[in-house]
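User: Please take a close look at the neighbourhood of the paired strands in this model, and follow it outwards to the empty spaces. Which parts pair, what is buried, and what lines the gaps?

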Amino acid sequence: MRAVTYDAYSADNSRLRVGDVAEPRLGPGQVLVKVRAAGVNPVDWKVMAGYLDSMMAAVFPVIPGWDVAGEVVAVGPDTREFAVGHEVVAYARKDVVNAGTFAEYVAVSADAVARKPAGLTWAQAGGLPLAGLTALRGLDRLQVGEGDTVVVYAAAGGVGSIAVQIARYRGARVIGTASERNHEYLRSLGAEPVAYGDGQAERIRALAPAGVDAVADFVGGQLESTLAVLRTGGRHVSVADPSVREHGGQWLWVRPDGDALTEVVGLVDAGAVTVEVADAYPLDRVGAAFDASRGGRTRGKLVIVP
């Protein structure tokens, strides 16, 4: 099968290659998925740069990618949850960095898999798993509900835009930071936009003088702003800054979870959540997708379409 690989850690795209590799072996409790689309996440190029080496072992050559949407083409022994022909999505991260989703096929534990939302295109579905799980788990940790005022940093990004939609569905008021070119987009999702960067805490305070109930940081580097806008007793969570734990916050690391992903799919099927796709790239342009992700200015999701 064709796949993208790299044979050593690299902070740039110089080690990326596209070529033929062996198809995945299929073990008990796994499904083999023909990849229709695979979401690009910042963690993909961060892993390639070796930033997670102290946490996760890598077996080279590595196929990057942790998100997938596709069709089940085979099931392993004692895998009753899915059948050939099922259209599925999965956050397919494994314990060892090696056999990812930027390929024609990927083997995934059935425990990480959910049925594809009927109303999403393949590209949209490919961008859903990690972003959707991160948004859902972050808001669950914050116990966001009816009447809360919530700040979402990077609200126009892949995770942030889904978090805005889920929070609004739960009855929360949402203030979202983004560049001014994305403010109308945030309004369309039901958020009150605020320009990010210097002075954002003052701009948030102008909208919520008494402070906000919860803050969801999906970008990192926002702790000073968070502490400035959070009311006494408020809650905050970050996916990128473990130091929040020293200030009463929670640091979030999302695990593959088919049941939680099924909950996200249910929100999509109910019309509460959709996925904005910024751009789709073929396998031989994964480097361009990584460059776009590194830029940090993308609205919605980047996806790979083999």
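Analyst:
**Strand β6 and its surroundings**

Strand β6, residues 87-91, is joined to β5 by five bridges, and the two strands run antiparallel. The model is a predicted one. Two of the residue pairs can be named: G70 has V88 as its bridge partner in β6, and A69 has V89.

β6 also pairs with strand β9, residues 113-115, again in the antiparallel sense, over three bridges. V89 takes part here too, standing opposite A114 in β9. V89 of β6 therefore has a named partner in β5, A69, and another in β9, A114. In a regular strand, side chains alternate between the two faces of the sheet.

Is β6 enclosed or open to the outside? Four of its five residues are buried, so β6 is largely enclosed by the rest of the structure. The cut-off behind that word is a relative accessible area under 20%.

β5, residues 67-75, has a further antiparallel partner in β3, residues 30-40, with six bridges between them. Within this pairing, L32 stands opposite A74 of β5. β5 is thus bridged to β3 and to β6, while β6 is bridged to β9 as well.

The loop between β5 and β6 holds T79. T79 has a relative accessible area of 7% and is therefore buried. What does the side chain of T79 reach? One polar contact goes to the backbone oxygen of P77, at 3.2 Å. Another joins a polar atom of the T79 side chain to the backbone nitrogen of Q30, at 3.3 Å. Beyond its neighbours within four places in sequence, T79 is in contact with P28, G29, Q30, V31 and A110. Q30 thus appears both in the contact list of T79 and in a polar contact with its side chain.

Q30 leads on to the second largest pocket, which has about 230 Å³ of space. Fifteen residues line this pocket, and Q30, K94, A107, V108 and S109 are the closest to its centre. Strand β8, residues 105-109, supplies the largest share of the lining, four residues. By class, the lining has nine nonpolar, two polar and four charged residues.

Rolling a probe the size of a water molecule over the atoms shows where empty space is left. How many cavities of 30 Å³ or more does the whole structure contain? The search finds one. About 110 Å³ of space lies in this cavity. It is lined by 16 residues, with I63, G65, W66, V97 and N98 nearest its centre. The elements that give two or more residues to that lining are α1, β4 (58-63) and β7 (97-99). β7 gives the most, three residues. Of the lining residues, eleven are nonpolar, three polar and two charged.

Helix α1 also contributes to the largest pocket, which has about 1,300 Å³ of space. That pocket has 48 lining residues, and those nearest its centre are P42, K46, F218, V219 and V239. The elements that give two or more residues to its lining are α1 (42-48), α3 (129-142), α4 (158-169), β11 (173-178), α9 (286-295) and β17 (301-304). The largest share comes from α1, with four residues. The lining has 28 nonpolar, 15 polar and five charged residues. α1 is therefore named among the lining elements of the largest pocket and among those of the largest cavity.

A second buried threonine, T226, can be set beside T79. T226 is found in helix α7, residues 223-229, whereas T79 lies in a loop. T226 counts as buried because its relative accessibility is 3%. Leaving out residues up to four places away in sequence, T226 touches Y153, V215 and H236.

To draw the strands together, β5 pairs with β3 and with β6, and β6 pairs with β9. The loop from β5 to β6 carries T79, whose side chain has a polar contact with the backbone of Q30.

Terms used. Residues numbered from 1 in each chain as written. Predicted model: local features only at pLDDT ≥ 70, side-chain atom pairs only at ≥ 80, totals over all residues. Heavy atoms only, no water. Pairing = 2+ DSSP bridges. 1 Å grid on protein atoms, 1.4 Å probe; cavity = no way out; pocket = protein on both sides within 12 Å on 5 of 7 lines; lining within 4 Å. Points joined across faces, edges and corners; volume = space filled by probe spheres on them. Nonpolar A, V, L, I, M, F, W, Y, C, P; charged D, E, K, R; others polar. Buried < 20%, exposed > 50% of the residue type's maximum accessible area, 1.4 Å probe, protein only. Polar contact = N/O pair within 3.5 Å; in protein donor to acceptor, adjacent residues only side chain to side chain. Contact = heavy atoms within 4.5 Å.
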